[in-house]
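Q: I would like a close look at a single part of this model, worked through slowly, with its surroundings brought in as you go. Please pick a strand and build the picture outwards from there.

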Amino acid sequence: MSSYLGPVTVPDPSALAEVQRLCDLAKPYDVGPDADAVFIAAMNESNRWHAERSPFFASLWGSAEPLESIEDIQRQPFVHANFFKMHEVVSIPREDVKLHVTSSGTTGQKSQMFFDDWTLRSGQRMVARIFEHHGWIDPSRPVDYLIYTYQPKPGVNLGASFTDHYLCDFAPVRRVEYGLPSTGNGHEFDAFGAVRALLRSAEDGVPVRIFGFPAFLSFTLDRMRSLGLPPAELSDDSLVLFGGGWKGNADKQISKRELYAKITDQLGIPDERIRDGFGSVEHSVPYIECARHNMHVPVWSRVLIRDVRTLEPLSYGEPGYLQFVSPFITSAPAQSVLMGDLATLHAPAECGCGLDTPWFEIRGRAGLSRNKSCAIAAAELLKDRS
C-alpha cells in the first residue's frame, strides 16, 4: 500500500468537516446524490474559509447565498487561471506554505501557487487513489523510470517536475533517467540518453514507467527509427502516463491515436497502459484517461463548460471554456478556476468504459501552435456558433 493513501487531516476539522468527508471518499469515480450533497456542503465550507482569510475572495464572494444543490455550482464565482500569473494570493499565513510551485509554460508569465500541508497531501492522495483504481500501485517489483520533465535541481520548482518525481513512489525504483536533464545552465532534451535507457530496460526485462511531456517520447521514437533500431520489446506491464501537453513543440504535434500506436509498435506497450493526464497548478485535481482514453471527472471535483461569448454554462457536447470546481484547496482561493483551455463535456454513457462520471475532451490549448493562440481558437468557435 502506498504511503500516499494514508489519512490526511484538514487544517480545521470543525470548520472543514465536509471538505474532510469529501476528500476521504476513497473510490474516485463513485458518484450519486449522496456524493453531490457532500460536495455542495464542502463548497460552502470552502467559500467561508477563503472569504474569512482572503480579502480578494471576500470581495469576489460578496453577499452571495450559500449553494444549495449541485446545479448551484454554476453560480460559484470563478477566478481565471491567468489571475494567478499576475497575483500571488493565499488564504494561509506564509509560514504555513509547504510548497511553492509554478506552471510549466515555456513562455510568458508563469502561475504561482502555494500549497499548505493539507492541500499538497490530499492532492497526492487523489493521484494515489486513481492509481489504485487502475491497478498501477505495485510495491513488489522494481521498475525503471524515464521521466520527460525537467530534472529537479535547487531553484527549480515547476509543478510538473514535482508531480512526476513523486509518481516514482508507486512502484519501487530500480533506475531513474530524465529525458530533460539539467545541464547546469538549464535543461536540454537528451534523445540518445533516452534511447539508451529504453534499450537497457528492454534488455534487462524490467518494466518501464514513462512520465511527462509527450513530445519528447515521440522525438525519442523518431530518433530510434532514424538510427535504424528495431522495436524495443519492453515488459507489457510497463506504463506511460503523459502530462503537460506539447508546450513549445505544438508545431510538431501528432494525434493521440498516432502517438499511442507508435508507442505500441516501437516499445510493445499495450494501448490500455498508455494514458494521458490533465492537471494544472491552479487546480491540482488529477484527471487521467480511462482505458478508452477519456478523462473522467473524479468525485472530488466538478467540471463546467462556459460559452466563449457569454460565459454562460453549456450543455454536454458544446465547446467552450473549461472550468474546474473543487473545495479541497485551503491554501489559496482557487476552488473555482476558469481555464484558457477549450473543451467539451460528455455524459458518462458516451464513453462506455463503465465509469459513472462525465468526461471532458480538450479542444484546444493556449499556445496550441506558434501561430494560433487560445484567443484565436475561441474566436473561431464564436464564428462557428454565429
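A: Let's begin with the term that the rest leans on: two strands count as paired if DSSP finds at least two bridges between them. Please keep in mind that this is a predicted model.

The strand I have picked is E8, which covers residues 274-278. Its pairing with strand E7 (residues 239-242) is parallel and spans three bridges. For one point of contact to look up, Leu241 stands opposite Arg275 in E8. Between these two strands the chain passes through helix H9 (residues 256-267), giving a β-α-β crossover that is right-handed.

Strand E9 is another partner of E8: two bridges join them, and they run antiparallel. Here Phe278 stands opposite Tyr287 in E9. As general background, strands of a sheet pair through backbone hydrogen bonds, in either the parallel or the antiparallel sense.

Now for the side chains. In a regular strand they alternate between the two faces of the sheet. In E8, Ile274, Asp276 and Phe278 point one way, while Arg275 and Gly277 point the other way. Is E8 buried or exposed? Five of its five residues are buried, so the strand is largely enclosed by the rest of the structure. Buried here means a relative accessible area under 20%, and that applies to the residues pointing either way, with Asp276 and Arg275 among them.

Let's follow the chain onward. The loop between E8 and strand E9 (287-288) holds Ser284. This serine has a positive phi of about 75 degrees, although it is not a glycine. Ser284 counts as partly exposed because its relative accessibility is 22%. Beyond E9, the loop that leads to strand E10 (295-296) contains His293. Again a residue other than glycine has a positive phi, this time near 65 degrees for His293. If you are checking backbone torsions, both Ser284 and His293 can go on your list.

Stepping back, where does E8 sit in the sheet as a whole? The sheet is open and has six strands in the order E5-E4-E6-E7-E8-E9, with mixed pairing. E8 therefore sits between E7 and E9 in that order. The edges belong to E5 and E9: each has a single partner strand, so one side of each is left without a neighbour in the sheet.

Elsewhere in the sheet, five bridges join E4 to strand E6 (residues 208-212), and these two strands run parallel. One pair to look up there is Tyr145 and its bridge partner in E6, Arg209.

That part of the sheet also brings us to some enclosed empty space. Rolling a probe the size of a water molecule over the atoms shows where such space is left. The count comes to one cavity of 30 Å³ or more, and the largest cavity has a volume of about 50 Å³. Its lining includes Asp144, Tyr145 and Leu146, along with Arg175, Val176 and Glu177. Also in the lining are Ala197, Leu198, Arg200, Ser201 and Val208. Strand E4 (143-150), strand E5 (173-180) and helix H7 (191-204) are the elements that give two or more residues to this lining. H7 gives the most, with four residues. By class, the lining divides into six nonpolar, one polar and four charged residues. Tyr145 thus turns up twice in our picture, as a bridge partner of Arg209 and as a lining residue of the cavity.

For contrast, there is also open space to look at. The second largest pocket has a volume of about 430 Å³. It is lined by 20 residues, and Ile73, Val303, Leu304, Tyr316 and Leu345 lie nearest its centre. Strand E11 (residues 302-306) provides the largest share of that lining, four residues. The classes here are 13 nonpolar, four polar and three charged.

One last companion to E8 is a helix. H5 (residues 117-134) has 14 of its 18 residues buried, so H5 too is largely enclosed by the rest of the structure. From first C-alpha to last, H5 reaches 26 Å, close to the 26 Å expected at 1.5 Å a residue. Just after this helix, Gly135 takes a positive phi of about 75 degrees.

Notes: Residues are numbered from 1 along each chain as its sequence is written. This is a predicted model: local features need pLDDT of at least 70, side-chain atom pairs count only at pLDDT 80 or more; totals for chains, interfaces and linings use all residues. Side-chain values use heavy atoms; hydrogens and water are left out. The expected span of a helix is 1.5 Å times one less than its number of residues. Buried means under 20% relative accessible area, exposed over 50%, partly exposed in between (1.4 Å probe, protein chains only). On a 1 Å grid over the protein atoms alone, a cavity is a set of points where a 1.4 Å probe fits but cannot get out, and a pocket is an open set with protein on both sides within 12 Å along at least five of seven lines; lining residues have an atom within 4 Å of a point. Grid points are joined across faces, edges and corners, and a volume is the space filled by probe spheres set on the points. Ala, Val, Leu, Ile, Met, Phe, Trp, Tyr, Cys and Pro count as nonpolar, Asp, Glu, Lys and Arg as charged, and the others, Gly among them, as polar. A crossover is right-handed if, with the strands pointing away from the viewer, the path from the first strand over the helix to the second runs clockwise.
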